[in-house]
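Visitor: Please take me closely through one part of this model, the hairpin and the loop that comes after it, and then set that part beside the helix packing and the sheet.

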Amino acid sequence: MSATIEVVETAAGPFEVLTRPGTTEPVLAVHGVSSNNRLWSWVLDAAPEVSVVAPDLAGRGGTPARPGPSSVPAHAEQLVALLDALGLDRVHLLGMSLGGFVVTELAARHPERVCTVTLVDGGLPLEFGEQGPPPAGAVAPRVRAQYAAGRVWADEAAYLEHYRGSVAPLTGADDPRMRALVAHDLAAVDGGLAVHRDLETVVDDAVSVFASGAPAEALAAVRAPIRLVHAPWSTGAGSAPMYASAHVARLVATTPPLVSAELVDGVDHAAIVMTDHGASACVAALRANLGS
């Protein structure tokens, strides 16, 4: 069946939600820090039987930012309000990058709402070493500079070229799903197109992951089965990964609900979900959870 897009009103504010009916129990799919719900196009194609509910997180795509500071726990609570509005008592969770941290937090806070958790290169605590996480004051300026969106683009093709060159070099330049993804990031302005995600929300969210020990506490509280797929590179071949294999192995050994972790060959942080090869690995882990 084809996907539909609608705005869903909730107690936590409106969400733009992509819904694709299927034959499985529902899967709540949550995208990354600077992405939107079109991220899941490759997974939808690879798993036509799966029932997917994919919101734009607050401050991205068609979902407006919420008042006040944002954080991973705030997103988790907002998504519970979305489940309430949709009448979904229990769901399987699928999260990529920031979305992985959000669904892990949701599973820790609301175990009665969660069947399983599938993580895509995110959601596990980062490896900070003995010094612990960096201060927020060191993280926020770097993230703000990275995602500042003042530039005006002549057209979608120009922004897509920039997007692939900066964060997704292993994705397909001619893939129509890439064009749909970046188009959902853009809004018309004088002189062309501009990215319309909320910068302060993005910065707050990044700080709550990269300058916090909270993800480790959330993972320790999860009781639902967790499966991870992760990438050997971050941005392009040969780059340092989000998670070193040794770090993942230690977490598997010490986290009973983390029942599997697969390193997907030939992908980076974006290509693990934004290519057919990467999406097939995501879907294999998701199907294993749906069948558990």
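Guide: Two strands are taken to pair if DSSP finds at least two bridges between them. In this predicted model, strand E7 (residues 186-189) and strand E8 (residues 192-195) are joined by 4 bridges and pair in the antiparallel sense. Within that pairing, Val189 of E7 has Gly192 of E8 opposite. The hairpin has 2 residues between its strands, and Gly191 there adopts a positive phi near 90 degrees.

Beyond the hairpin, the loop between E8 and helix H7 (199-210) contains Arg197. Because buried means under 20% relative accessible area, Arg197 with its 13% relative accessibility counts as buried. The side chain of Arg197 reaches the backbone oxygen of Ser34 at 3.0 Å. Leaving aside residues up to four places away in sequence, Arg197 touches Ser34, Gly59, Arg60, Tyr147, Tyr159, Asp185 and Val202.

One of these contacts, Tyr159, also belongs to a helix packing. Helix H5 (residues 156-167) packs with helix H6 (residues 176-183) at an angle of about 100 degrees, and their axes are 10 Å apart. Since angles of 65 to 115 degrees count as roughly perpendicular, H5 is roughly perpendicular to H6. On the H5 side the contact is made by Glu156, Tyr159, Leu160, Tyr163 and Arg164, while H6 contributes Met178, Arg179, Leu181, Val182 and Ala183. Sorted by character, the residues of this contact between H5 and H6 comprise 7 nonpolar and 3 charged, with no polar ones.

Turning to the sheet, 8 strands form an open arrangement with mixed pairing, in the order E1-E2-E4-E3-E5-E6-E9-E10. Strand E1 (4-8) and strand E10 (258-263) stand at its edges, and each has a single partner strand, so one side of each is left without a neighbour in the sheet. Neighbouring strands of this sheet are turned against each other by 20 degrees on average, direction ignored. Within the sheet, strand E2 (residues 15-20) and strand E4 (residues 52-55) run antiparallel and are joined by 4 bridges, with Val17 standing opposite Pro55 in E4. At the E10 edge, helix H9 (residues 245-254) lies across strand E9 (226-230) and E10, and runs at about 165 degrees to E10.

How values were computed:
Residues are numbered from 1 along each chain as its sequence is written. This is a predicted model: local features need pLDDT of at least 70, side-chain atom pairs count only at pLDDT 80 or more; totals for chains, interfaces and linings use all residues. Side-chain values use heavy atoms; hydrogens and water are left out. Buried means under 20% relative accessible area, exposed over 50%, partly exposed in between (1.4 Å probe, protein chains only). A polar contact is a pair of N or O atoms within 3.5 Å; within protein, one must be able to donate a hydrogen and the other to accept it, and residues adjacent in sequence count only if both atoms are side-chain atoms. Contact means heavy atoms within 4.5 Å. Axes are lines fitted to C-alpha atoms, for helices over the stretch in contact, and angles run from 0 to 180 degrees between N-to-C directions. Angles under 35 degrees count as roughly parallel, over 145 as roughly antiparallel, 65 to 115 as roughly perpendicular and the rest as oblique. Ala, Val, Leu, Ile, Met, Phe, Trp, Tyr, Cys and Pro count as nonpolar, Asp, Glu, Lys and Arg as charged, and the others, Gly among them, as polar.
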